[in-house]
Structure formats: C-alpha cells, structure tokens
Amino acid sequence: MKSLSPEALEVRREYRKQYEREYRRKWRQKPENRLKAKEYERRYWERKTMKSKE
C-alpha cells in the first residue's frame with residue numbers, strides 16, 4: 001500500500017468522522033438503542049469531567 005500525503009490522510013480522517021457521526025445519529029434514533037445511548041453519554045461525560053478535574 002502506497003503511503004498517502006498528509007492532506008489525503010486528513011481528508012480521509014474528516015470523511016470517516018463525518019460517517020461515524022451520521023451512523024451514531026441514526027443508531028441513536030432507534031427506540032431500542034435510546035436507553036443505551038443515554039447510558040453511554042452519561043459514562044462519557046463522567047470520564048470527561050474526571051479528566052478535567054485531575
């Protein structure tokens with residue numbers, strides 16, 4: 001596999017981020033996943049606030 005330029009890698013990363021965001025948004029809209037999403041979010045924020053307190 002040939003190595004890509006930094007610009008190409010950046011573009012690819014951006015595209016991937018966008019795709020993941022879309023996927024998560026769609027996943028979250030399913031009723032059976034809503035509760036799970038809330039739980040994930042709560043854990044995520046707990047982790048984040050713990051890090052900022054350190």
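**Notebook: two helices and their salt bridges**

I started in helix 2 (residues 31-53), where Glu 46 and Arg 42 are four residues apart and therefore separated by about one helical turn. Salt bridges with shared partners tie Glu 39, Arg 42, Arg 43 and Glu 46 into one network. A reminder to myself: this is a predicted model.

**Entry: the Glu 46 and Arg 42 pair.** I looked up how the two side chains meet, and they form a salt bridge at 2.7 Å, N to O. Next I asked myself: is Glu 46 buried, partly exposed or exposed? Glu 46 has a relative accessible area of 40%, so I noted it as partly exposed, the class between 20% and 50%. Arg 42 has 42% and is partly exposed as well.

**Entry: the whole chain.** I then stepped back to see what these pairs belong to. The protein has two helices and zero strands. For the overall spread, I found a radius of gyration of 16 Å, whereas a compact globule of 54 residues would have one near 10 Å. The C-alpha trace spans about 40 × 35 × 15 Å along its principal axes. How many of the 54 residues, in percent, count as buried? I got 4%. The exposed area of the protein comes to about 5800 Å², and carbon and sulfur atoms supply 56% of that.

**Entry: charges.** I counted 20 positive and 10 negative side chains in the protein. The centres of these two sets lie 3 Å apart. A search of the whole structure for salt bridges gave me 10. I went through some of them in helix 1 next.

**Entry: Glu 20 and Arg 24.** Helix 1 covers residues 6-29, and Arg 24 is found there. Which residue does Glu 20 pair with in a salt bridge? The partner is Arg 24, with the closest N and O atoms 3.8 Å apart. Both residues lie in helix 1, four residues apart, or about one turn of the helix. I checked their accessibility too: Glu 20 is partly exposed at 29%, and Arg 24 is partly exposed at 44%. A salt bridge here needs a nitrogen within 4 Å of a carboxyl oxygen, so the 3.8 Å pair qualifies.

**Entry: Glu 22 and Arg 25.** I looked at another pair in helix 1. Glu 22 forms a salt bridge with Arg 25, and their closest N and O atoms are 3.0 Å apart. The two residues lie three residues apart in helix 1, about one turn of the helix. What are their relative accessible areas? I noted 33% for Glu 22, which makes it partly exposed. For Arg 25 I noted 41%, and Arg 25 is partly exposed too.

**Entry: the tyrosines.** I went looking for nonpolar surface and came across Tyr 15, Tyr 19 and Tyr 23, which make a nonpolar surface patch of about 420 Å². Tyr 15 has its place in helix 1. Is Tyr 15 buried or exposed? Its relative accessibility is 57%, and exposed means over 50%, so Tyr 15 counts as exposed.

**Entry: a distance along the chain.** Finally, I picked Arg 24 and Arg 47, which are 23 residues apart along the chain. Their C-alpha atoms are separated by 19 Å.

**Entry: looking back.** My page now holds salt bridges from both helices. In helix 1 I have Glu 20 with Arg 24 and Glu 22 with Arg 25. For helix 2 I have Glu 46 with Arg 42, part of the network that also takes in Glu 39 and Arg 43. These pairs are among the 10 salt bridges that the search of the whole structure found.

Definitions and conventions. Residues are numbered from 1 along each chain as its sequence is written. This is a predicted model: local features need pLDDT of at least 70, side-chain atom pairs count only at pLDDT 80 or more; totals for chains, interfaces and linings use all residues. Side-chain values use heavy atoms; hydrogens and water are left out. The radius of gyration is taken over C-alpha atoms; the globule rule is 2.2 Å times the number of residues to the power 0.38. Buried means under 20% relative accessible area, exposed over 50%, partly exposed in between (1.4 Å probe, protein chains only). Accessible areas come from the Shrake-Rupley method with a 1.4 Å probe; for residues, only the protein chains shown count as cover. Lys and Arg count as positive and Asp and Glu as negative; His and the chain ends are not counted. The place of a charge is taken as NZ of Lys, CZ of Arg, CG of Asp or CD of Glu. Patches are made of residues with over 30% relative accessible area and no salt bridge: like charges are joined within 9 Å, nonpolar side chains (Val, Leu, Ile, Met, Phe, Trp, Tyr) within 5 Å.
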